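Work through these two exercises with the sequence and the model side by side. Try each task before you read its solution.

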Amino acid sequence: MASTNEVKAVLNRLGVETPSWAYGNSGTRFKVFGQPGVPRDPYEKVADAAQVHKYTGAAPTVALHIPWDKVADYKDFATHAQGLGVKLGTINSNTFQDDQYILGSVCAPDPKVRANAVAHLLDCIDIMDQVNVQDLKLWFADGTNYPGQDNISDRQNRLAESLEKVYARLGANQRMLLEYKFFEPAFYHTDVPDWGTSLLHCMALGPKAMVVVDTGHHAPGTNIEFIVAGLLRAKRLGAFDFNSRFYADDDLIVGAADPFQLFRIMHEVNINGGFDVGTPVSYVLDQCHNVEAKIPGQIRSIMNVQEAVAKAVLVDQDALKKAQLAGDVLAGHEVLMDAYNTDVRGLLREWRSDKGIDPEPMKAYAASGYAKKIATDRVGGNQAGWGA
Ligand code: PSV
Ligand code: MN
C-alpha cells in the first residue's frame, strides 16, 4: 500500500472546483423547488462556494456559467471572490437557452445563428481575459430529433469551422475544453455525442483543445475509466465534470450512485499521471441539488471525491504490477479491492486536522449557523435558478 503521506500529498494538490449553478434552485421539468437562503445573484453564489472551501479546504475555485453569472464588473467580482478566499474558475458557455438555437448553435443550418453562437463564445473568452481564467468549457445541445432533419456531416463541418474561430482567439495560456453527451436535449443524434468525436475535433484544432468527461454523459454500462485512461494516454483529458447518474444525466452527488465506479476512474487517473504535479486535468463538480440542501450537498461531494482519490492512491502499485505481469488475475483484482475496501475516513480527518480545519466538514458547517443566516438575510429579490 502507498503511505499515508503519499495520499496526503495528492490531497494537498487536489482542488475540486464547484459550479455556481449548484447553489441556485434547480429541479426537473416537472418542478423546481425553491429553498430558503438561496443566492439571488452571482456574488451570493460565490459566497456559498467560499463556505464549501472553508469547510473542506479543497474547493478553491468556482465555475461560472455565462450568461447566468453575468455581472457588470468582472474584476470587481473576482476581487469579491478573492476576499472570500476563493477564485473564479472555468467559464462555461451557454448556447442552449436562446430561442434562436432551436435547431442548434454552432452546428445550426442558419449561418447567422452560428455567427451569434461563436460571438457568445468569444465574449466568454473576453471575460476569461479580464479575470485571468484559463478554461473555456463548451457543451453544445446541438443535434437533431429526426432522421433527415439535417445532414450529419454538414453539421460536423459547421462545428469544426465554428470551433476554429474560437480556438484562434484563445490566449497563450488559455484552453478550450469540449464536453460530450450522448443524448438530450436532442434525441436522434447529438453533434458531440462521445469522447471520440470530441477528441477528433480537439486533435484537429491543436494542443489547447482538450476533452471533458462528464461522468453523467454516458450510456448505462459504459466503461468510463477506459475512456479516461485513453484520453490521459493521448494527453487530451482536460477536465472532469463529476456527478452521479442512475438513469440518464441525473446530476446527483458524485460517488452517491456508484462509489466503486468513481474509485475505478480515480485509479486510472492516478496510474496515468492525472494527479501528478502540473497535471493538465481539472476536477470540477457539475451537479444540481434538487431535494437536498445545496451547500452541504457540495461539501459531501468534495468528501466523496477525496475518499475515492485516497483509495486510488492507496493501491499497492508494485503488488499490482507484479500480479499483472505474472498473469495472476485474482491477485491483481485483490490488490485493487484491498484499496477500495480500506476505510479512508480516518486518514481524511487527519488530513483536515493537519490543515487546521474541522475534521468533520458536514457537522462543522451544520453547526456554523450559516444556513440560518442566509435564510434570514436573503429575503426579497429573485432566487437564482438553473437558467439565471
Ligand atoms: C450539460 O448537461 C452540462 O453537463 C454541461 O456541462 C452544462 O454546461 C451543464 O450541464 C449545465 O448544468
Ligand atoms: Mn457537464
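**Exercise 1. Find how the donor residues of the manganese ion (ligand 2) are spaced in sequence.**

Step 1. The spacing reads E-x34-D-x26-D-x44-D. Donors are N, O and S atoms within 2.8 Å of the metal (3.2 Å for Na, K and Ca); water is not among the atoms, so sites may look incomplete.

Step 2. Put names to the letters: Glu179 (OE), Asp214 (OD), Asp241 (OD) and Asp286 (OD) are the protein donors, 2.1 to 2.2 Å from the ion.

Step 3. Glu179 sits in strand β8 (residues 175–179), and Asp286 in the loop between β12 (282–285) and α9 (294–314), 107 residues apart. Helices (H or I, at least four residues) and strands (E, at least two) are DSSP runs, numbered from the N terminus.

Step 4. Glu179 and Asp286 are both buried (under 20% relative accessible area, 1.4 Å probe, protein chains only).

The model is predicted: local features need pLDDT of at least 70, side-chain atom pairs count only at pLDDT 80 or more, and totals for chains, interfaces and linings use all residues. Side-chain values use heavy atoms, without hydrogens and water; residues are numbered from 1 along each chain as its sequence is written, chains are lettered from A and ligands numbered from 1 in the order in which they are written.

**Exercise 2. Describe how strand β4 (residues 61–65) is joined to β5.**

Step 1. The two strands run parallel, joined by four bridges. Strands pair if DSSP finds at least two bridges between them.

Step 2. Locate Thr61: opposite stands Lys87 in β5.

Step 3. Check the cover of β5 (residues 87–92): five of its six residues are buried.

Key. Buried means under 20% relative accessible area, exposed over 50%, partly exposed in between (1.4 Å probe, protein chains only).
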